Amino acid sequence: FNRFMRETVETLEKVEIDVKDYQSKLKKLGFYKGEVDGIDGRLTDKAVRAFQAKHVDINGKPLRVDGDVGPLTQAALDKAAA
């Protein structure tokens, strides 16, 4: 049980770090207006969708506007924020 709890907490901490990372990038690019808090809530979803609507993936195809920061959105976000 302790191992399970430790792994669960470590996973949640990693997710929070990842969310803070893309919130920071979205904020830098002017898409995110909220506080960089690691919470993937309504404002974050809105910012991700707005970013996706205006950017393309590594193959030059429009990103799917679904609010999820998958590998293609993450790559486009990394490139745009570099």
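**Exercise 1. Determine which side chains Lys 25 pairs with in salt bridges, and where these partners lie.**

*Solution.* Step 1. In this predicted model, the side chains of Lys 25 and Asp 21 form a salt bridge with an N to O distance of 3.2 Å. This lies inside the 4 Å cut-off for a salt bridge.

Step 2. Lys 25 and Asp 21 are 4 residues apart in helix H1, so about one helical turn separates them.

Step 3. Lys 25 also forms a salt bridge with Asp 78, where the closest N and O atoms are 2.5 Å apart. This pair links distant parts of the chain: Lys 25 belongs to helix H1 and Asp 78 to helix H3 (residues 71-81), with their positions 53 residues apart in the sense that they are 53 residues apart.

Step 4. Taken together, Asp 21, Lys 25 and Asp 78 are linked in a network of salt bridges.

Step 5. The accessibility of the two acidic partners remains to be classified. Asp 21 has a relative accessibility of 33% and therefore counts as partly exposed. Asp 78, at 33% relative accessibility, counts as partly exposed.

**Exercise 2. State how many salt bridges the structure holds, and describe the one between Asp 45 and Arg 49.**

*Solution.* Step 1. The structure holds 3 salt bridges.

Step 2. The side chains of Asp 45 and Arg 49 meet at 2.9 Å, N to O. Both residues lie in helix H2, 4 residues apart, which is about one turn of the helix.

Step 3. Asp 45 is partly exposed at a relative accessible area of 27%, and Arg 49 is partly exposed at 34%. Both assignments follow because the partly exposed class lies between 20% and 50%.

**Exercise 3. Classify the geometry of the aromatic pair found in the structure.**

*Solution.* Step 1. A search of the whole structure finds 1 aromatic pair.

Step 2. The ring centres of Phe 31 and Phe 51 are 5.6 Å apart and the ring planes stand at 85 degrees, so the pair is edge-to-face. The deciding cut-off is an angle over 60 degrees.

Step 3. The pair links distant parts of the chain, 20 residues apart: Phe 31 is in the loop between helix H1 (2-28) and helix H2 (42-54), while Phe 51 is in helix H2.

Step 4. Phe 31 is buried, with a relative accessible area of 18%. Phe 51, at 1% relative accessibility, counts as buried.

**Exercise 4. Describe the span of H2 and the placing of its buried and exposed residues.**

*Solution.* Step 1. H2 has 13 residues and reaches 19 Å from its first C-alpha to its last, close to the expected 18 Å.

Step 2. The buried residues of H2 are Thr 44, Ala 47, Val 48, Phe 51 and Gln 52. They cover an arc of only 135 degrees around the axis, and therefore lie on the same side of H2.

Step 3. On the other side of H2, Arg 42, Lys 46, Ala 53 and Lys 54 are exposed.

Step 4. Gln 52 can be examined further. Gln 52 counts as buried at 1% relative accessibility. Leaving aside neighbours within four places in sequence, its contacts are Leu 63, Arg 64, Val 65, Asp 66, Gly 67, Asp 68 and Thr 73.

**Exercise 5. Identify the residues of the largest nonpolar core and the contacts of Leu 26 and Tyr 22.**

*Solution.* Step 1. The chain has 3 helices and 0 strands, and buried residues make up 26% of its 82 residues.

Step 2. The largest nonpolar core has 11 residues: Val 19, Tyr 22, Leu 26, Phe 31, Tyr 32, Ala 47, Val 48, Phe 51, Leu 63, Ala 76 and Leu 77. H1, H2 and H3 each supply at least two residues of this core.

Step 3. Not counting residues up to four places away in sequence, Leu 26 touches Phe 31, Tyr 32, Ala 47, Val 48, Phe 51 and Leu 77. Both rings of the edge-to-face pair, Phe 31 and Phe 51, are thus among the contacts of Leu 26.

Step 4. Tyr 22 lies in helix H1 and, at 8% relative accessibility, counts as buried. With the same exclusion of sequence neighbours, Tyr 22 touches Asp 40, Thr 44, Val 48, Val 69, Gln 74 and Leu 77.

Definitions and conventions: Residues numbered from 1 in each chain as written. Predicted model: local features only at pLDDT ≥ 70, side-chain atom pairs only at ≥ 80, totals over all residues. Heavy atoms only, no water. Phe/Tyr/Trp six-rings, centres within 6.5 Å; stacked < 30°, edge-to-face > 60°. Buried < 20%, exposed > 50% of the residue type's maximum accessible area, 1.4 Å probe, protein only. Contact = heavy atoms within 4.5 Å. Expected span 1.5 Å × (residues − 1). Arc of directions from axis to C-beta. Core = buried A, V, L, I, M, F, W, Y, C linked by side-chain atoms within 4.5 Å.
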